[in-house]
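This report describes one protein chain, starting with the chain as a whole and then turning to some of its parts. The sequence and the structure come first.

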Amino acid sequence: MLHEIAPRSGAAFTLDLGQRLTVIDPKGEQVADLLAFNRHDVGEAISSGRTLDYASRIYLTTGDPLYSNRSNIMLDIVEDEVGRHDFLLTPCSKDTFRIIYGEEEPHRGCFGNLAAALAPYGVTEDMIPTAFNVFMNVPIDGKTGALWVEPPLSKAGDKIIFEARMDLIIGLTACSALQSNNGSFKPIHWQID
Ligand SMILES: [Zn+2]
């Protein structure tokens, strides 16, 4: 069954060991922040630092595992039609919009959307780590380390598929940051098989 996350919102749901999660960009150039927590102990969460350390790369794609803070594999990327995702930047938040965009009444962003969706599972704001930012395009200058945000490379209908390596709680958004989504807010589709 295909689910839709409305623009600038988020969802949380369970994913069983062995199930596959497909994340689809229905209109193109839209980011989806993805979080994963061990369903039986939410102190175990997806870890950018450990994953990038073990991959020795910052751009992940088909065949790459996503590790937890306890160095267990939570998800494998089993199919990827885009090949560019970000695992460096934190979920956009009201502070992102205040500090980077100068907004006085900022939206709660992916961070607020994730916190609200994950609260029923016992996940609090301080437990939210760096998300795997599906379709987010963050190039790096290899010499200076400078990084910046460019439009996603995803086209309408492009998808990425993850397979769960443990029972999980997943948080997923349709990202709320203008820069990350080439200036417009679009939905995200997902399904479990
Ligand atoms: Zn966002």
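## The chain as a whole

Of the chain's 193 residues, 48% count as buried. The model is a predicted one, and the values below are computed from it.

Three helices and ten strands make up the secondary structure of the chain. In sequence order they follow the pattern β-β-β-β-α-β-β-α-α-β-β-β-β. The chain has a radius of gyration of 15 Å, and the globule rule gives 16 Å for 193 residues; because these values are close, the chain is as compact as a globular protein of that length. Its C-alpha trace spans about 40 × 40 × 30 Å along the principal axes.

## Contacts, surface and charge

Consider the contacts between residues at least 6 apart in sequence: 75% of them join residues at least 24 apart.

The accessible surface of the chain is about 8,500 Å². Carbon and sulfur atoms account for 49% of that surface. The chain carries 16 positive and 26 negative charges, and the mean positions of these two sets are 1 Å apart.

## Strand β3 and its partners

Strand β3 covers residues 20-25. Five of its six residues are buried, so the strand is largely enclosed by the rest of the structure.

Which strands are joined to β3 by bridges? One is strand β8, residues 158-164, which is joined to β3 by six bridges and runs antiparallel to it. Within this pairing, Asp-25 of β3 has Asp-158 as its bridge partner in β8. Another is strand β10, residues 188-192, with four bridges to β3, again in an antiparallel arrangement. Here Val-23 stands opposite Trp-190 of β10.

A general point helps when looking at strands. In a regular strand, side chains alternate between the two faces of the sheet.

## Ala-117 in helix α3

Ala-117 is part of helix α3, which covers residues 109-118. Is Ala-117 buried or exposed? Its relative accessibility is 18%, and a residue under 20% is called buried, so Ala-117 counts as buried.

What does Ala-117 touch, apart from its neighbours within four places in sequence? Ala-117 is in contact with Gly-10, Ala-11 and Ala-12. For Ala-117 and Thr-173, the separation is 56 residues in sequence, while their C-alpha atoms are 9.6 Å apart in space.

Conventions. Residues numbered from 1 in each chain as written. Predicted model: local features only at pLDDT ≥ 70, side-chain atom pairs only at ≥ 80, totals over all residues. Heavy atoms only, no water. Buried < 20%, exposed > 50% of the residue type's maximum accessible area, 1.4 Å probe, protein only. Helix = DSSP H or I, 4+ residues; strand = E, 2+ residues; numbered from the N terminus. Pairing = 2+ DSSP bridges. Rg over C-alpha atoms; globule rule 2.2 N^0.38 Å. Contact = heavy atoms within 4.5 Å. Areas by Shrake-Rupley, 256 points an atom, 1.4 Å probe, with all protein chains shown as cover. Lys, Arg positive; Asp, Glu negative; His and termini not counted. Charge placed at Lys NZ, Arg CZ, Asp CG, Glu CD.
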